[in-house]
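Me: Please show me the sequence and the structure, and then let me ask about the ligand and the nonpolar core.

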Amino acid sequence: MITREIQLTTQIAGVPSREHFTVVEAEIDGEVLVRTDHLGLAATYLELMRSDCHLPVPAWQPNQRIGVMAIGTVLRSADPDLHEGDLVQSMSGWSTHSAGPATSYVKLDRDAYPDPTYHLGQGPTAYYGMADVAKVGPGDVVFVSGAAGGVGSLAGQIARNMGASKVIGSAGSQAKVDYLVGELGFDAAFDYHQDPVAALTELAPEGITVFFDTVGGTLYEAALAVAVPGARFASCGSLSTQLGAAAQRFPEPDRAAAAAKRIELLPFSCHHTPDQIAAWHSHFRTWLDQNTFVFPQTVVEAGIDAVPDAFLSLLRGDYRGNVSVRLT
Ligand SMILES: NC(=O)c1ccc[n+]([C@@H]2O[C@H](COP(=O)([O-])OP(=O)(O)OC[C@H]3O[C@@H](n4cnc5c(N)ncnc54)[C@H](OP(=O)(O)O)[C@@H]3O)[C@@H](O)[C@H]2O)c1
């Protein structure tokens with residue numbers, strides 16, 4: 001079987017562009033053969049493409065398929081537990097087809113969600129960060145930065161479902177601000193191109209008790225300015241500096257100002273352990289059944305050759321929610 005796949009041409013040192021990706025045809029064979037139907041896209045992948053990757057997993061190498069989460073349909077199987085037509089998830093990545101041992105594939109329940117893309121969301125990170133790290137609960141006043149992104153759009157809804165009294169989000173355009181309040185049930189939102197301290201002071205005069213940060217930089221500083229003493233800051237990502245060199249991508253937060261307010265600085269890394277995945281899916285299903293949760297997503301319909309462009313569009317902020325490509 002010939003598959004068409006995307007490889008890294010070279011590891012990325014500066015700003016990513018189309019030249020960093022190559023389309024390759026390759027012969028594949030294995031115990032199980034799968035047609036890829038859906039691919040996940042997320043800003044985190046950029047870090048894995050860098051020569052100075054700072055994640056606790058190996059960086060992706062040139063001339064290898066980009067190995068991200070994918071969902072597909074079994075076309076052929078020599079394993080007794082996987083059958084033609086089964087829906088499976090794997091790390092088979094940006095390719096039209098994959099093949100390998102049955103142990104590389106996890107069978108999914110086609111009826112668990114309205115669409116298989118629901119399996120590709122950033123829920124384990126959002127749930128772990130909001131429930132286990134920030135320990136959000138009744139009465140919390142929560143600010144989520146990057147709230148229209150994959151993690152943030154889930155984190156804000158998780159906070160509301162866990163009893164927060166107010167959930168505020170920031171995003172990069174008025175359309176995304178309207179989306180957060182009108183469709184995802186945030187109590188308030190603002191465009192971070194405005195003065196974030198002024199916006200937060202107006203929207204949360206009582207002060208914030210929880211900050212779920214996927215952006216860093218000026219939004220971290222603004223959260224610090226309006227936080228009540230003892231607030232919890234769950235530090236998830238640094239979208240505002242993601243295009244910089246390593247030292248700029250992970251700037252030192254102002255610890256002295258945080259200490260003066262006794263802020264609990266809680267940087268975390270979600271490793272998607274089986275427990276974290278199970279905790280997310282159990283709550284996600286419950287909240288969907290109760291109609292208190294929307295799965296925020298953008299599904300890009302594209303062929304495999306267009307996946308790098310879709311990834312670059314994601315980094316520019318062209319999409320909202322959890323982003324996946326439905327291969328056409
Ligand atoms: N700690 C962990 O375990 C963990 C796990 C997963 C992800 N992460 C990190 O969490 C962060 C969010 O991930 P994600 O998947 O939610 O991201 P994402 O949805 O893939 O991010 C895309 C969004 O980033 C926003 N963005 C781009 N440039 C920005 C800027 N200069 N300032 C603010 N926002 C900007 C854009 O939204 P706007 O249009 O609103 O600007 C865009 O829609 C990333 O840094 C990721 O690496 C951490």
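The questions below concern the ligand first and the core afterwards.

Reply: This is a predicted model, in which local features need pLDDT of at least 70, side-chain atom pairs count only at pLDDT 80 or more, and totals for chains, interfaces and linings use all residues. Residues are numbered from 1 along each chain as its sequence is written, and side-chain values use heavy atoms, with hydrogens and water left out.

Me: How far is the polar backbone atom of cysteine 270 from an oxygen atom of the ligand?
Reply: A polar contact is a pair of N or O atoms within 3.5 Å. For threonine 44, a polar side-chain atom lies 3.2 Å from a ligand oxygen. For cysteine 270, the distance from a polar backbone atom to a ligand oxygen is 2.6 Å.

Me: Where does the ligand's shell lie with respect to domain 1 and domain 2?
Reply: Domain bounds come from an automatic or database domain assignment. Domain 1 (2–121 + 296–327) and domain 2 (123–267) both contribute residues to the shell around the ligand, so it lies between them.

Me: Which two residues touch the most other members of the largest nonpolar core?
Reply: Such a core is a set of buried (under 20% relative accessible area, 1.4 Å probe, protein chains only) Ala, Val, Leu, Ile, Met, Phe, Trp, Tyr and Cys residues joined through side-chain atoms within 4.5 Å. The largest nonpolar core has 38 residues, and those that touch the most other members are Met130 and Ile158.

Me: Where does this core lie with respect to the two domains?
Reply: Both domain 1 (2–121 + 296–327) and domain 2 (123–267) give residues to this core. The core therefore lies between them.

Technical notes
A polar contact is a pair of N or O atoms within 3.5 Å; within protein, one must be able to donate a hydrogen and the other to accept it, and residues adjacent in sequence count only if both atoms are side-chain atoms. Buried means under 20% relative accessible area, exposed over 50%, partly exposed in between (1.4 Å probe, protein chains only).
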